[in-house]
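Colleague: I am new to this structure and would like to learn how to read it. Could we go through it feature by feature?

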Amino acid sequence: FRQAVFRFAREQFLVECSAEDPDCPTFGEYLHQLFLDFTVEQMNQQMEADAACERREEAKRTVEEWSELTALQHLYMEQMERELMEEADEESAIRQVQDDGMHAKMQDEAKLKEVERQSQEAK
């Protein structure tokens, strides 16, 4: 594998650099630069992979937080519904007692009038 990489690098060097070009690096400098480029590329890929992993973890945490918030909201809504139902039941019970009291009062008044009428008739 090393020999194949070395041959490939040598071929690329010969394609890219000519012996007559004074600005062209030596083959050793060329290999060194290839190694640096490869290392930097690997580091960039690793950083991108780490960033993607972090984004996935953050998305997962966000989903978990939203799930918890949704569950809490659901519990809150159930509690509010129970409280409203209890309040409505209490109000209904109070109205029933008031209605029963009014009915009893009306019956008492009707009995009192009946007794008064009978008393007037007896006189």
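**Reading the model**

Modeller: Begin with a single residue: Ser67 lies in helix 2. Keep in mind that this is a predicted model.

Colleague: Is Ser67 buried, partly exposed or exposed?

Modeller: The relative accessible area answers that, with partly exposed running from 20% to 50%. Ser67 has a relative accessible area of 43%, so Ser67 is partly exposed.

Colleague: How far apart are Ser67 and Ala9 in sequence and in space?

Modeller: The two separations are read independently. Ser67 and Ala9 stand 58 residues apart along the sequence, and their C-alpha atoms are 54 Å apart in space.

Colleague: What are the two separations for Leu14 and Phe27?

Modeller: Leu14 and Phe27 are 13 residues apart in sequence, with 9.0 Å from C-alpha to C-alpha. Leu14 belongs to helix 1, and it counts as exposed because its relative accessibility is 53%, the cut-off for exposed being over 50%.

Colleague: Which residues make up the largest nonpolar core?

Modeller: The general idea is that nonpolar side chains tend to be buried together in soluble globular proteins. In this model the largest nonpolar core has six residues: Ala9, Phe13, Cys17, Cys24, Phe27 and Tyr30. Helix 1, residues 2-16, and helix 2, residues 27-122, each supply at least two residues of this core.

Colleague: What is Cys24 in contact with, leaving aside its neighbours within four places in sequence?

Modeller: With those neighbours left aside, Cys24 is in contact with Cys17 and Ser18. Cys17 is also one of the residues of the core just described.

Colleague: Next, pockets. Which residues line the largest pocket?

Modeller: A pocket can be read by its volume, its lining and the class of the lining residues. The volume of the largest pocket is about 270 Å³. Its lining consists of Val5, Phe6, Phe8, Ala9, Leu31, Leu34, Phe35 and Phe38. Helix 1 and helix 2 are the elements that give two or more residues to this lining. Ala9 appears in this lining and also in the largest nonpolar core.

Colleague: How many residues of the lining are nonpolar, polar and charged?

Modeller: Eight are nonpolar, while no polar and no charged residues take part in the lining.

Colleague: How many salt bridges are found in the whole structure?

Modeller: Side chains of opposite charge can pair when their charged atoms come close. A search of the whole structure finds four salt bridges. One of them joins Arg117 and Glu121, with the closest N and O atoms 2.2 Å apart.

Colleague: Where do Arg117 and Glu121 lie?

Modeller: Both are in helix 2, four residues apart, which is about one turn of the helix. Arg117 is partly exposed at a relative accessible area of 39%, whereas Glu121 is exposed at 56%. Elsewhere, Glu54, Glu58 and Arg61 are joined into one network by salt bridges that share partners.

Colleague: What are the N to O distances from Arg61 to Glu54 and to Glu58?

Modeller: The salt bridge between Glu54 and Arg61 has an N to O distance of 3.1 Å, and the one between Glu58 and Arg61 has 2.7 Å. Glu58 and Arg61 are three residues apart in helix 2, so about one helical turn separates them.

Colleague: How accessible are Glu54, Glu58 and Arg61?

Modeller: Glu54 is partly exposed at 44% relative accessible area. Glu58 is partly exposed at 40%, and Arg61 is partly exposed at 33%.

Note on methods
Residues are numbered from 1 along each chain as its sequence is written. This is a predicted model: local features need pLDDT of at least 70, side-chain atom pairs count only at pLDDT 80 or more; totals for chains, interfaces and linings use all residues. Side-chain values use heavy atoms; hydrogens and water are left out. A nonpolar core is a set of buried Ala, Val, Leu, Ile, Met, Phe, Trp, Tyr and Cys residues joined through side-chain atoms within 4.5 Å. Buried means under 20% relative accessible area, exposed over 50%, partly exposed in between (1.4 Å probe, protein chains only). Contact means heavy atoms within 4.5 Å. On a 1 Å grid over the protein atoms alone, a cavity is a set of points where a 1.4 Å probe fits but cannot get out, and a pocket is an open set with protein on both sides within 12 Å along at least five of seven lines; lining residues have an atom within 4 Å of a point. Grid points are joined across faces, edges and corners, and a volume is the space filled by probe spheres set on the points. Ala, Val, Leu, Ile, Met, Phe, Trp, Tyr, Cys and Pro count as nonpolar, Asp, Glu, Lys and Arg as charged, and the others, Gly among them, as polar. A salt bridge is a side-chain nitrogen of Lys or Arg within 4 Å of a carboxyl oxygen of Asp or Glu.
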